[in-house]
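Morning, everyone. Please have a look at the structure on the screen while I talk.

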Amino acid sequence: MSVMTIKDVEFGQELEPFVPDTSLANTSAFAETVAYTGNGRFEDHEKAKAQGLPGALVPGIMGMAFLSSVIHSWSPTARIEKIDTVFRAPMLADTPLSISVIVTDMDEESGAVELDLTIKNEAKETRVMGTANVRLPLE
């Protein structure tokens, strides 16, 4: 069920876990779209390793896009006011990631909702964490 108004939100609610497409094809296409291509960092595991990285990366801004997508899947009417993240470790292309989101604060009078966001790898290591401030319609 999609959340349409603040009345649909439950404090402490955990959103449905989301597994984004981190395939090399997807990260490469995204990197090309945002003009991040050229050095192989996002498109080629071997070129990325030659630069001292563990493999091709998922662009950080792509991680932010994944978080936005989760929020809008949960509530198509939500207006994202702010997403604040800390990138703790690289997200690698072709590596499964899981995004979890929980409602940590809400104001029924203004429609404001705060969400805690986490992106973890399959070893359950946190790669990105942060918060989002969103606003929902009152009715």
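I will go through two helices, one strand residue and the cores.

First, a reminder: this is a predicted model.

Let's start with helix α1, residues 24-33. Which of its residues are buried? T27, S28 and A31 are. Now look at where they point. They cover an arc of only 100 degrees around the axis, so they sit on the same side of α1. Here is the general rule. An α-helix has 3.6 residues a turn, so residues three or four places apart point the same way. Now turn to the other side of α1. There, A25, E32 and T33 are exposed. What covers the buried residues of α1? The cover includes α3. After α1 comes A35, and its phi is positive, near 60 degrees.

On to α3. This helix has 15 residues. From its first C-alpha to its last, α3 reaches 22 Å. That is close to the 21 Å expected at 1.5 Å a residue. Its buried residues are M62, G63, F66, L67, V70, I71 and W74. What covers them? The cover includes α1, β1, β2, β3 and β4.

Next, the largest nonpolar core. It has 27 residues. Which of them touch the most other members? They are V9, I71, W74, V113, L115, L117 and L136. The elements that give two or more residues to this core are α3, β2, β3 and β4. The largest share comes from α3, with six residues.

Take I71 as an example. Leave out residues up to four places away in sequence. Then I71 touches A78, I80, I83, L115, L117, A132 and V134.

Apart from that core lies another one, of five residues. Among them are A31, F42, A48 and L57. We met A31 before, as one of the buried residues of α1.

Last stop: I99, in strand β2. Why does I99 count as buried? Its relative accessibility is 1%, and buried means under 20%. What does I99 touch, again not counting residues up to four places away in sequence? The list is P17, F18, P20, F66, L67, V70, T118 and I119. Three of those names should sound familiar: F66, L67 and V70 are buried residues of α3. One distance to finish. I99 and P59 are 40 residues apart in sequence. In space, they are 15 Å apart, C-alpha to C-alpha.

That's my tour. Thank you.

Methods: Residues numbered from 1 in each chain as written. Predicted model: local features only at pLDDT ≥ 70, side-chain atom pairs only at ≥ 80, totals over all residues. Heavy atoms only, no water. Core = buried A, V, L, I, M, F, W, Y, C linked by side-chain atoms within 4.5 Å. Buried < 20%, exposed > 50% of the residue type's maximum accessible area, 1.4 Å probe, protein only. Helix = DSSP H or I, 4+ residues; strand = E, 2+ residues; numbered from the N terminus. Contact = heavy atoms within 4.5 Å. Arc of directions from axis to C-beta. Expected span 1.5 Å × (residues − 1).
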